[in-house]
Every structure is written in structure tokens, then in C-alpha cells.
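Q: I am new to this structure and would like to learn how to read its strands and its pocket. Could you take me through it?

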Amino acid sequence: MPSAGAEAALPGPVSTRNPGVIELPRATGAGPAGVPTGFPRTPEGALAQLASIDVTAMQTGSLDGVRRVIEAWAAPGGPTGETWSGVHGMAGLLSAADLSGAGSPQLAIVVRPAMGLIKGTVGPDFAVVCVDFEFTVTVEATSRIAIADCQRMTWADDRWLIGPGPEPAPAPSVWPGTDLAIEVGYQDLRYG
């Protein structure tokens with residue numbers, strides 16, 4: 001995948017080019033740790049599940065909340081409450097805001113999955129998918145930034161989980177809707 005500098009994650013000019021659309025299915029229920037689930041056994045279902053996992057985890061605004069989510073949504077041999085990139089991301093966010101791991105009642109995090117990418121599949125039970133999120137974080141002031149997450153998703157019984165093994169190489173975090181986002185290969189996400 002192409003790389004991008006840190007400045008690419010900051011708000012930038014929106015492109016008039018059409019990036020294409022990935023139609024995501026809607027959740028049909030709630031799973032462990034309050035994560036929406038019930039997505040079909042398709043690459044789009046895997047992408048929708050990853051988006052739901054990340055949104056739920058990050059909007060907890062605490063390390064405990066993020067750890068609860070990954071412990072419920074990682075397959076054996078997958079990321080843990082100590083190794084997951086989401087845990088490291090939350091620790092960095094809380095540290096930058098001078099907050100403890102418990103977060104703060106004054107902290108508000110809104111996470112919106114804006115664009116996505118299906119990197120590849122192997123049969124119906126495995127997909128590598130990426131979501132490019134728009135984060136809006138407010139403590140004393142509001143900041144906005146794009147953050148991307150790529151994961152190996154594996155079908156287990158009746159739902160998608162983050163799969164075993166090391167996390168895939170991260171996709172560039174680029175501001176959704178920009179020419180660079182389109183060049184990376186991201187498409188707009190639309191829930192059906």
C-alpha cells in the first residue's frame with residue numbers, strides 16, 4: 001500500500017472524484033462488550049464487523065473499555081489487551097490529553113467509519129480489511145484526525161473475529177474523501 005505522512009491524517013481538501021462505494025450490511029444484534037454484530041459471512045460483513053469493533057472500543061474513552069472489547073473480539077492467537085494497536089492508540093490519546101487510563105468525564109470521542117478497503121480474501125472465512133475513520137476528540141478543545149485500522153478477520157461459528165497472528169501492515173491514515181484517500185484505494189462506506 002502507498003504510504004502517507006502524518007499530515008495526511010489532518011483535515012484536508014475534499015476531492016470531487018468518485019472513490020466508489022462499499023455497501024456495508026447493518027448489524028442485526030449486539031454481541032459481547034456491546035459491539036454490534038450479526039454481519040454476514042462476506043468480505044463486506046468482515047469490514048462492517050471491524051468498524052463496529054473499533055467504534056465501540058474507541059468510544060469507551062478508557063483503556064479498560066478498549067481491553068474489554070478486544071478480549072471479546074479476538075480469536076485465540078490474535079491481539080490481546082496488551083498488544084492490540086487499538087490499546088496502544090487509546091494509551092497515546094489519553095497520554096496526549098494528560099489523562100489517566102480511566103479517561104475522563106470531560107473526554108468525548110466520536111468515531112465515524114468513513115472509508116474502507118478490502119485488501120484480500122482467502123475463501124469465505126478469512127478477509128483482510130481496512131477502515132479509515134474520522135475521529136473527533138474533545139477534552140478542552142476539539143481536534144479531528146483520520147486513523148486507519150487493518151485487521152485479519154476470521155469467521156468463527158457465527159461471527160467475524162479479529163484473527164490470529166500479527167496485525168497486518170497498517171494502511172495509511174488519510175483524511176477521508178481526499179485525493180490521497182482515493183489513491184490509496186479507499187472507497188466510501190455506505191450502510192445498506
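A: Gladly! Let us start with a term: two strands count as paired if DSSP finds at least two bridges between them. Keep in mind that this is a predicted model.

Q: In which sense do strand S4 and strand S8 pair?

A: In general, strands of a sheet pair through backbone hydrogen bonds, either parallel or antiparallel. Here, S4 (residues 108–121) and S8 (residues 187–191) take the antiparallel sense, with two bridges between them.

Q: Which residue in S8 is the bridge partner of glycine 116?

A: That partner is glutamine 187.

Q: What is the order of the strands in the open sheet?

A: Reading across its six strands, you meet S1-S8-S4-S5-S6-S7, and the pairing is mixed. Strand S1 (21–24) and strand S7 (159–162) are the edge strands, each pairing on one side only. On average, neighbouring strands of this sheet are turned by 40° against each other, direction ignored.

Q: Which strands does helix H1 lie across?

A: Helix H1 (residues 43–58) lies across S1, S4, S5, S6, S7 and S8, and runs at about 35° to S5.

Q: Now the largest pocket: which residues lie nearest its centre?

A: Of the 21 residues that line the largest pocket, Ser85, Gly89, Phe135, Ile147 and Ala148 lie nearest its centre. Its volume is about 430 Å³.

Q: Which elements give two or more residues to that lining?

A: They are H1, helix H3 (85–96), S5 and S6. The largest share, eight residues, comes from S6. Sorted by class, the lining has twelve nonpolar, five polar and four charged residues.

Technical notes: Residues numbered from 1 in each chain as written. Predicted model: local features only at pLDDT ≥ 70, side-chain atom pairs only at ≥ 80, totals over all residues. Heavy atoms only, no water. Helix = DSSP H or I, 4+ residues; strand = E, 2+ residues; numbered from the N terminus. Axes fitted to C-alpha atoms, helices over the stretch in contact; angles between N-to-C directions. Contact = heavy atoms within 4.5 Å. 1 Å grid on protein atoms, 1.4 Å probe; cavity = no way out; pocket = protein on both sides within 12 Å on 5 of 7 lines; lining within 4 Å. Points joined across faces, edges and corners; volume = space filled by probe spheres on them. Nonpolar A, V, L, I, M, F, W, Y, C, P; charged D, E, K, R; others polar.
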